[in-house]
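Biologist: Hi! Could you pull up the model so we can chat through the helix packing and the ligand site?

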Amino acid sequence: MQYIPKPPAANLEEISEHLRIIEEKISSNELINWAITLKDDSKMIGTIGYYHIKPEHYRAEIGYMLLPGYQGKGYVTEAINLVVDYGFSAMELHSIEALIDPENIASARVLEKCGFIKEGHFKENEFYDGKFIDTVIYSKLNR
Ligand SMILES: CC(C)(COP(=O)(O)OP(=O)(O)OC[C@H]1O[C@@H](n2cnc3c(N)ncnc32)[C@H](O)[C@@H]1OP(=O)(O)O)[C@@H](O)C(=O)NCCC(=O)NCCS
């Protein structure tokens with residue numbers, strides 16, 4: 001959660017509430033949340049999904065996270081490529097955006113490896129944990 005401007009869940013009640021909200025938004029087609037697993041093991045090692053779907057703009061925001069022990073092995077790059085294909089085909093998206101912390105070098109690198117282009121750097125546009133923080137936006141168009 002180092003580069004994600006949301007507090008981690010503090011207890012089981014907060015986790016339950018988080019899961020309830022996700023379930024509700026999946027039911028109303030507001031988001032999609034997939035588990036990432038290794039091919040020969042059903043244990044969830046991360047998540048990836050479209051967390052803000054804007055059907056009127058044929059656009060959605062992608063997000064992803066992996067347990068620390070599985071990072072740096074190319075898994076999220078593989079997952080993003082699949083999820084982008086799904087977005088452009090099944091969901092008929094025209095564009096996909098990703099919002100990242102400028103210091104999240106691994107996330108920037110993964111997006112660049114998947115053909116996303118850096119489109120903007122907003123200075124101190126969010127207030128989190130007592131500080132104003134920057135946001136970098138990447139996007140990929142369906143060409
Ligand atoms: C960011 C994250 C999703 C990347 O997933 P991953 O599966 O580890 O990524 P990959 O292994 O496919 O690729 C990581 C790339 O970043 C590079 N990288 C990682 N840390 C780096 C650093 N500190 N400086 C420079 N490059 C770095 C790796 O070398 C690799 O690039 P390469 O293939 O050219 O060598 C993962 O680390 C993660 O879940 N982090 C915590 C949650 C998070 O930050 N989510 C994203 C929020 S926007």
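Biologist: Thanks! What is the handedness of the crossing of α2 and α3?
Modeller: Happy to help. In this predicted model, α2 and α3 cross in a right-handed way.

Biologist: And which residues make that contact?
Modeller: On the α2 side they are Val76, Thr77 and Ile80, and α3 contributes Val110, Leu111 and Lys113.

Biologist: How do the residues of that contact divide by type?
Modeller: Four are nonpolar, one is polar and one is charged.

Biologist: What about the geometry, at what angle do the two helices pack?
Modeller: Helix α2, residues 75-88, packs at about 45 degrees to helix α3, residues 105-113, and their axes are 9 Å apart. That angle makes α2 oblique to α3.

Biologist: Great, switching to the ligand. How many residues surround the ligand, and which are the closest?
Modeller: There are 19 around the ligand, the closest being Gly72, Gly74, Thr77, Arg109 and Lys113. You'll recognise Thr77 and Lys113 from the contact between α2 and α3.

Biologist: Nice. Which backbone atom is 2.9 Å from a ligand nitrogen?
Modeller: A polar backbone atom of Tyr64 sits at that distance from the nitrogen.

Biologist: And what do you see for ligand oxygen atoms, say with Val76?
Modeller: A backbone N or O atom of Val76 is 3.1 Å from a ligand oxygen. Val76 also belongs to the α2 side of the helix contact. For Lys73, a polar backbone atom lies 3.2 Å from an oxygen atom of the ligand.

Note on methods. Residues numbered from 1 in each chain as written. Predicted model: local features only at pLDDT ≥ 70, side-chain atom pairs only at ≥ 80, totals over all residues. Heavy atoms only, no water. Axes fitted to C-alpha atoms, helices over the stretch in contact; angles between N-to-C directions. Helix = DSSP H or I, 4+ residues; strand = E, 2+ residues; numbered from the N terminus. Parallel < 35°, antiparallel > 145°, perpendicular 65-115°, else oblique. Left-handed = near helix turned anticlockwise from the far one by under 90°. Contact = heavy atoms within 4.5 Å. Nonpolar A, V, L, I, M, F, W, Y, C, P; charged D, E, K, R; others polar. Near = heavy atom within 4 Å. Polar contact = N/O pair within 3.5 Å; in protein donor to acceptor, adjacent residues only side chain to side chain.
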